[in-house]
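User: I'm new to this structure and would love a close look at one part of it, the salt bridges and what lies around them. Could you walk me through that in a connected way?

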Amino acid sequence: MTLTPQSAADRARILTEALPYIQRFQGKTIVIKYGGNAMVDENLKRGFARDVVLMKLVGMNPVVVHGGGPQIGKLLERIGKKSEFIQGMRVTDRETMDVVEMVLGGLVNKEIVNLISQQGGKAVGLSGKDGGLIRAKKMVLQKAPDKKDLPSEIIDIGHVGEVSSIDPRLVALLDTGDFIPVIAPIGVGEDGQTYNINADVVAGKLAITLKAEKLMLLTNTTGVLDKEGKLLTGLSITQVKDLVADGTIHGGMLPKVNYALDAVSSGVKTAHIIDGRVEHAVLLEVFTNEGVGTLIKS
């Protein structure tokens, strides 16, 4: 296609707009939680892989943490096992944990590695069990009693975990070797048990441990919206807490915002909740003035 003077000028403007961001974030670590539509739409998948390869080529250190809930659900259905959720958490018995580990640590992880490789990048797939990367502990849920004078009921949801600690050495080694780490959110406990961990949680804790410049959470929504449905960005910790308190931020957005707040409060420079349904959302958020989501800063 022949470029017109106007289209050529537009492309040049976009490239020059990216330059200060490339300079600012060179050598910086950016942790990206990859999930939602971006993991199932073929164009979005290729676009995401291209984005992280470009980030690496211009000197940034992208670290990818991925989910895989829908893929796990489909495989469980195929083997005749019904998915059960309590307080938003998948009940994970031993058989389900085997499926989770096969899907997250195998099928999904290796597909992402392959996508990045096809775009010219060098990716290494890991689970949190590799090199003692993620230490986990069993998550315990509590159910409020029916009567005030009764104690809370403890609910056992199986092999669902929380992050106890993260050893960053393996990820740091891969970064210095020009590799892109792709991490499945599976950890191991002191008892040797394997645990399934929420990918947003792992991404947030990893960003804190790596002293990342940015935490980016890909979602299937535009970002944080005000009560009129307008996108909000450039929010401070105080502003976000006020939006939570007055009910503007609620429902499914609330946990993601809390993970972002935790990261920014713990030293990560900025957290971004971005619309993964937009092609090249990661690049647009990192390299342009407007971005495609909500930025939260300290």
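**Salt bridges and their surroundings**

Analyst: Asp-93 and Lys-81 form a salt bridge, with their closest N and O atoms 3.0 Å apart. This pair ties together distant parts of the chain: Asp-93 sits in the loop between β4 (89-90) and α4 (94-118), while Lys-81 sits in the loop between α3 (69-78) and β3 (85-86), twelve residues apart. Is Asp-93 buried or partly exposed? Asp-93 counts as partly exposed because its relative accessibility is 34%, and a residue is called buried only under 20%. Please keep in mind that the model is predicted.

Side chains of opposite charge can pair when their charged atoms come close. In this model the count comes to twelve salt bridges, so let's visit some others, using a cut-off of 4 Å between nitrogen and oxygen.

Lys-33 forms a salt bridge with Asp-200, and here the closest N and O atoms are 3.4 Å apart. Once again the pair links distant parts of the chain, with Lys-33 in strand β1 and Asp-200 in helix α6 (residues 199-209), 167 residues apart. Both Lys-33 and Asp-200 are buried.

Asp-200 has another partner to meet: its side chain and that of Lys-256 come together in a salt bridge at 2.6 Å, N to O. That contact joins helix α6, which holds Asp-200, to helix α8 (residues 253-265), which holds Lys-256, across 56 residues. Both Asp-200 and Lys-256 are buried. Put the contacts together and you have a network of salt bridges linking Lys-33, Asp-200 and Lys-256.

Now follow Lys-33 back to its strand. Strand β1 (residues 29-34) pairs with β13 in the parallel sense over four bridges, and Ile-32 has Met-216 as its bridge partner in β13. β13 also pairs with strand β15 (residues 270-275), again in the parallel sense, this time over six bridges. There, Lys-214 stands opposite Thr-270 in β15.

How many residues of strand β13 (residues 214-219) are buried? Six of its six residues are buried, leaving the strand mostly covered. Both faces of β13 are covered: one side carries Lys-214, Met-216 and Leu-218, the other Leu-215, Leu-217 and Thr-219, and all of these are buried.

One of those β13 residues, Leu-218, leads us on to a cavity. A search of the whole structure finds two cavities of 30 Å³ or more, and the largest has about 50 Å³ of space. Leu-218 is among the residues that line the largest cavity, together with others including Phe-48, Asp-51, Glu-279 and His-280. α2 (42-57) and α9 (281-287) each supply at least two residues of this lining, and α2 gives the most, with four. By class, the lining of the largest cavity has seven nonpolar, three polar and two charged residues.

The second largest cavity holds about 30 Å³ of space. Tyr-34, Met-39, Lys-45, Val-108, Glu-111, Ile-112 and Leu-115 line the second largest cavity. Tyr-34 brings us back to strand β1 (residues 29-34), but α4 gives the most to this lining, with four residues. The lining of the second largest cavity has five nonpolar, no polar and two charged residues.

Key. Residues numbered from 1 in each chain as written. Predicted model: local features only at pLDDT ≥ 70, side-chain atom pairs only at ≥ 80, totals over all residues. Heavy atoms only, no water. Buried < 20%, exposed > 50% of the residue type's maximum accessible area, 1.4 Å probe, protein only. Pairing = 2+ DSSP bridges. 1 Å grid on protein atoms, 1.4 Å probe; cavity = no way out; pocket = protein on both sides within 12 Å on 5 of 7 lines; lining within 4 Å. Points joined across faces, edges and corners; volume = space filled by probe spheres on them. Nonpolar A, V, L, I, M, F, W, Y, C, P; charged D, E, K, R; others polar.
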